[in-house]
Amino acid sequence: MLKRILLIAAGALVLGIATVLCLALTKSDEFVVQRSTVINAPPEKIYAIISNFHRSNEWSPWEKLDPNMKRTISGSESGKGAKYEWSGNADAGEGSMEIIDEDPPKKVQINLHFIKPMEGDSLVVYELIPQNDSTKMTWTMSGPNTFFGKVMQVFMSCDAMIGKSFEEGLANLKAACEK
C-alpha cells in the first residue's frame, strides 16, 4: 500500500514538473515591460532628470530598497557614456547601467546589466513625446527571456512585477517635474 502511494506521488510530481516545463516552452523568447504617463512639464525638464544618474534619487523606485546601498557614478556627467553601478541587499541586488544612446530631449537608451540576484541584460528606453504643454513619458525595458525566466513566468508575471515599480517611478518623476 505504501509503495503504491509513493509511486502515485512520484508520478504526480513528474507530471507536474513536465507540465511546468511544457508551459515554459510556450513563453516568449523576449520580455517587454512598458508603462507611460503624461507629465505637465516640457521634455527638456524631464530629460535633465532621466539622463543624469546623479538625480536618480529624485524618482527611481529602486533607490529606496537599501539605505546602505553602495553606488558609483562614473563616465560622463550625464547623457551618453554616463555609468551607474550599485551593490545592495537582496532587494536591491547588484548591477550596472550605462547610457548607450540619446536623442535630447526625446530619448535615452540604457544598457542594464544585472549581476545579482540573477545575471541578465536588458535594454531600457525612456521616450519623451511633447503633447501641448505636457509630455508623454514612456518607460520600456526589454531583453532576452532565458529558459529559467520562462519557468518563472509560469508562476508570476514579469510585467506585473516590474510594471508596479515602473508605475511608482513614473509617479515620482511626475511629482518631481511638476513642482
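## Close-up views of the sheet, its helices and an aromatic cluster

**View 1. The open sheet and its edges.** Seven strands make up an open sheet, a sheet of 7 strands that follows the order E1-E7-E6-E5-E4-E3-E2 and pairs in the antiparallel sense. Its edge strands are E1 and strand E2 (70–75), each of which pairs on one side only, and the twist from one strand to the next averages 15°. The model shown in this and the other views is a predicted one.

**View 2. Pairing of E2 with E3.** Strand E3 (residues 82–87) and E2 are joined in the antiparallel sense over 6 bridges. Within this pairing, isoleucine 73 has tyrosine 84 of E3 as its bridge partner.

**View 3. Helix H2 against the sheet.** Helix H2 (residues 43–50) lies across E1, E4, E5, E6 and E7, and runs at about 160° to E6. Five of its residues, Pro43, Ile46, Tyr47, Ile49 and Ile50, are buried; because they cover an arc of only 160° around the axis, they are placed on the same side of H2. The cover over these buried residues includes strand E1 (30–39), strand E4 (94–103), strand E5 (107–116), strand E6 (120–131) and strand E7 (134–144), together with helix H4 (158–177).

**View 4. Helix H4 on the sheet.** Helix H4, which is among the elements covering the buried residues of H2, itself lies across E1 and E7, where it runs at about 25° to E1.

**View 5. The pair of tryptophan 59 and tyrosine 126.** The count of aromatic pairs in the model comes to 9. Among them, tryptophan 59 and tyrosine 126 form an edge-to-face pair, at 5.7 Å centre to centre and with 75° between the planes. This pair links distant parts of the chain, since tryptophan 59 sits in the loop between H2 and E2 and tyrosine 126 in strand E6, 67 residues apart. Tryptophan 59 has a relative accessibility of 4% and therefore counts as buried, and tyrosine 126, at 6%, likewise counts as buried.

**View 6. The pair of tryptophan 62 and tryptophan 139.** Tryptophan 62 and tryptophan 139 also form an edge-to-face aromatic pair, at 5.8 Å centre to centre and with 90° between the planes. Here too distant parts of the chain are linked, with tryptophan 62 in the loop between H2 and E2 and tryptophan 139 in strand E7, 77 residues apart. Tryptophan 62 counts as partly exposed at 34% relative accessibility, whereas tryptophan 139 is buried, with a relative accessible area of 3%.

**View 7. The aromatic cluster.** Trp59, Trp62, Tyr126 and Trp139 belong, together with Phe166, to one aromatic cluster.

Conventions
Residues numbered from 1 in each chain as written. Predicted model: local features only at pLDDT ≥ 70, side-chain atom pairs only at ≥ 80, totals over all residues. Heavy atoms only, no water. Buried < 20%, exposed > 50% of the residue type's maximum accessible area, 1.4 Å probe, protein only. Helix = DSSP H or I, 4+ residues; strand = E, 2+ residues; numbered from the N terminus. Arc of directions from axis to C-beta. Contact = heavy atoms within 4.5 Å. Pairing = 2+ DSSP bridges. Axes fitted to C-alpha atoms, helices over the stretch in contact; angles between N-to-C directions. Phe/Tyr/Trp six-rings, centres within 6.5 Å; stacked < 30°, edge-to-face > 60°.
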